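This note is offered to a colleague who is meeting the structure for the first time. The points below may be read alongside the sequence and the model.

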Amino acid sequence: MHDAPPVSPMVHPVLLAKGFRPFFLVGALFVGIALPVWSLVLSGRMGAPTYLDAVTWHAHEMVFGFGAAILAGFLLTAVGNWTQSETAVGGPLLGLVAAWGLGRFAMMASELLPPAVVAGLDALFLPLLTITLARPIVRARNTRNYPVIVALLALTTANVLVHLDALGVVAALRRRAMLVSVDVIVFFLVLVTGRVVAMFTKNATRAASCRNDPRLESAASIAAAAVLVVDALVVGPSLPRAVVLAVAAILVAARAFHWGARASLGEPMLWILHVGHGFLPLGLALRALAEVSSRVPQSLGMHAITAGAIGSLCLGMMARVSLGHTGRAITAPRGIPLAFVAVVVAALVRMSAAVFPVGASLALLVGSALTLAVAFVVFAVTYARILVGPRADGKAG
């Protein structure tokens with residue numbers, strides 16, 4: 001994302017000039033709506049749509065609603081830089097946002113629509129996004145980023161399998177498909193953080209010790225892909241899955257040893273990335289332990305990854321990318337450091353809920369969800385002017 005963006009004509013409205021602008025905004029607003037709704041469902045004040053069971057519906061919307069929106073915003077912008085050719089702006093970008101929005105409407109209003117229509121509307125977005133991103137990558141023969149295409153195809157397949165299960169075409173696949181979808185997001189996070197976190201830290205702190213080990217980076221990415229494959233193929237707790245998860249945890253943690261985490265502590269735009277990344281090996285390690293010990297709840301590791309790593313890293317990257325790609329200094333606007341703290345606290349509270357009895361954990365679950373929602377609403381309110389307005393340097397994009 002640090003390379004100069006490709007030259008493109010001025011697009012009006014400016015909100016449609018780059019993929020990060022609309023998708024970061026709608027993704028943050030979606031969290032601000034979806035998590036309070038989930039809190040009402042948890043507390044029995046509202047029923048969840050019956051197309052999927054309540055837990056799967058919540059997980060699906062966090063991955064394919066929120067996660068897919070932020071992933072789209074990042075990749076539509078990054079692939080343009082990686083290939084030096086535009087991905088989608090103006091009308092085509094609006095079409096992608098509309099496809100994403102139709103999916104969210106269908107999942108929320110599934111009681112009013114035929115099940116096949118719900119599935120079709122929600123399944124539309126990811127194939128369109130994959131085609132949009134694959135074209136410039138393949139055209140530029142940008143082989144380094146072919147794994148991006150493969151991962152998007154895996155994410156698309158996971159979503160289709162969830163819907164096929166809901167429609168009764170296949171049986172008992174929704175849980176495994178959701179697990180794989182989280183693994184795909186983890187793969188993207190491992191890939192992207194390996195490319196940027198040490199670089200961002202070194203550029204900002206001038207710490208000469210900040211560096212990447214290319215061999216460890218490759219090994220960590222391969223390990224993250226291996227977790228995805230094992231979760232797709234192996235059913236139920238297993239020692240092989242535990243071993244793969246443990247190896248992945250070790251490699252993901254080891255590669256960050258020289259990323260300069262200590263040097264980042266005084267800068268919110270940096271420490272949120274280091275803390276968010278720290279949740280990745282923690283979550284993988286806890287998942288490994290859950291495979292071999294019934295004393296470790298499976299949800300403990302999963303929410304270290306989802307609420308912790310995905311929540312923190314998405315918010316941190318959204319805050320940073322939105323400034324850098326609108327020609328602004330990478331300095332946290334007022335309120336954003338508190339949003340960073342809130343997302344980390346929400347993750348820790350959600351993890352703690354996994355070890356409490358059901359009755360005692362309800363308050364923690366609701367508190368975590370609402371705290372996370374507030375963090376992303378703060379982002380949306382703070383960054384709305386930046387995302388819908390022109391670049392500070394007067395350039396297009």
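In which helix is Ser 39 found? The points that follow begin with that residue and concern a predicted model.

1. Ser 39 belongs to helix H1, which covers residues 20–42. With a relative accessibility of 4%, Ser 39 counts as buried, because the limit for that term is under 20%. Beyond its neighbours within four places in sequence, Ser 39 is in contact with Val 366, Ala 369 and Leu 370.

2. The partner Ala 369 is located in helix H13 (residues 358–388). Ala 369 is likewise buried, at 6% relative accessibility. When residues up to four places away in sequence are not counted, Ala 369 touches Leu 35 and Ser 39. Between Ala 369 and Val 349, which are 20 residues apart in sequence, the C-alpha to C-alpha distance is 9.3 Å.

3. The largest nonpolar core comprises 133 residues. The members that touch the most others are Phe 23, Leu 75, Leu 76, Phe 125, Phe 376, Phe 379 and Tyr 383. Helix H7 (residues 174–205) gives the most to this core, namely 18 residues. For Leu 76, contacts outside the nearest four places in sequence include Gly 19, Phe 23, Leu 96 and Leu 133.

4. A nonpolar patch of about 440 Å² lies on the surface, made by Leu 239, Val 243, Val 247, Leu 289 and Val 292. Helices H9 (239–255) and H10 (268–292) each give two or more residues to the patch, and H9 supplies the largest share, three residues. Val 247, placed in H9, is partly exposed, with a relative accessible area of 40%.

5. The structure contains 12 salt bridges. One of them joins the side chains of Lys 18 and Glu 86, at 3.3 Å from N to O. Lys 18 lies in the segment before H1 and Glu 86 in the loop between H2 and H3, so the pair ties together parts that are 68 residues apart in sequence. Lys 18 is buried at 4% relative accessibility, whereas Glu 86 is partly exposed at 22%.

6. Arg 287 and Asp 183 also form a salt bridge, their closest N and O atoms being 3.6 Å apart. This pair links helix H10 to helix H7 across 104 residues. Arg 287 is buried at 6% relative accessibility, and Asp 183 is buried at 5%.

7. In another salt bridge, the closest N and O atoms of Arg 391 and Asp 393 are 2.7 Å apart. Arg 391 is buried, with a relative accessible area of 12%, while Asp 393 is partly exposed at 37%.

Terms used
Residues are numbered from 1 along each chain as its sequence is written. This is a predicted model: local features need pLDDT of at least 70, side-chain atom pairs count only at pLDDT 80 or more; totals for chains, interfaces and linings use all residues. Side-chain values use heavy atoms; hydrogens and water are left out. Helices (H or I, at least four residues) and strands (E, at least two) are DSSP runs, numbered from the N terminus. Buried means under 20% relative accessible area, exposed over 50%, partly exposed in between (1.4 Å probe, protein chains only). Contact means heavy atoms within 4.5 Å. A nonpolar core is a set of buried Ala, Val, Leu, Ile, Met, Phe, Trp, Tyr and Cys residues joined through side-chain atoms within 4.5 Å. Patches are made of residues with over 30% relative accessible area and no salt bridge: like charges are joined within 9 Å, nonpolar side chains (Val, Leu, Ile, Met, Phe, Trp, Tyr) within 5 Å. Accessible areas come from the Shrake-Rupley method with a 1.4 Å probe; for residues, only the protein chains shown count as cover. A salt bridge is a side-chain nitrogen of Lys or Arg within 4 Å of a carboxyl oxygen of Asp or Glu.
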